[in-house]
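Here is a short set of questions and answers to go with the structure. Take a look at the sequence and the 3D view, then read on.

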Amino acid sequence: MVTLHVDGKAVSWADAEQLFAAAAPTQSVEFRNAAGRVIAVSAPVEDPDWVKEITPEETARRRAGPFFTFEEIQKQWGAE
């Protein structure tokens, strides 16, 4: 049997999905066997800087263009 531990405390499998979704981004979640030995750990991972820089404003700026067709790019590169 495997038990689920959130922040070192055992939780029921009935509550597992909701607790895992809530806890995983900020706390470690452990899966333990019947003897209480940790068999797996899900630890939170901080987003890298490039992910943090994706703001709604930056997304809007990039969606505004400019966009080029494949043919326009070929022409710019001199490959005709």
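Q: Which exposure class does K52 fall into?
A: This is a predicted model, so the class rests on computed areas. The relative accessibility of K52 is 45%. Exposed would need over 50% and buried under 20%, so K52 counts as partly exposed.

Q: Which residue forms a salt bridge with K52, and how far apart are the closest N and O atoms?
A: A salt bridge requires a Lys or Arg nitrogen within 4 Å of a carboxyl oxygen. The partner of K52 is E46, a residue that is exposed at 61% relative accessible area. The closest N and O atoms of E46 and K52 are apart by 2.4 Å.

Q: Is E30, which meets R32 in a salt bridge, buried or exposed?
A: The side chains of E30 and R32 come together at 2.4 Å, N to O. The relative accessible area of E30 is 16%. Because buried means under 20%, E30 is classed as buried.

Q: Which residues are joined into one network by salt bridges that share partners?
A: Start with E58 and R61, whose side chains meet in a salt bridge at 2.6 Å, N to O. These two sit 3 residues apart in helix α3 (residues 56-63), so about one helical turn separates them. E58 itself is partly exposed, at 21% relative accessible area. Through shared partners, salt bridges link up E58, R61 and R62.

Q: How many salt bridges does a search of the whole structure find?
A: Among them are the pair of R32 and E30 and the pair of E46 and K52. Another is formed by E58 and R61. The search of the whole structure gives a total of 4.

Q: What pattern does the protein chain follow along the sequence?
A: The secondary structure comes to 4 helices and 4 strands. Read along the sequence, these elements give the pattern β-β-α-β-β-α-α-α.

Q: What is the radius of gyration of the protein chain?
A: For a compact globule of 80 residues, a value near 12 Å would be expected. The C-alpha trace spans about 70 × 30 × 25 Å along its principal axes, and 11% of the 80 residues count as buried. The radius of gyration of the protein chain is 23 Å.

Q: How far apart are the mean positions of the positive and negative charges?
A: The protein chain carries 8 positive and 13 negative charges. The mean positions of these two sets are apart by 4 Å.

Note on methods: Residues numbered from 1 in each chain as written. Heavy atoms only, no water. Buried < 20%, exposed > 50% of the residue type's maximum accessible area, 1.4 Å probe, protein only. Rg over C-alpha atoms; globule rule 2.2 N^0.38 Å. Lys, Arg positive; Asp, Glu negative; His and termini not counted. Charge placed at Lys NZ, Arg CZ, Asp CG, Glu CD.
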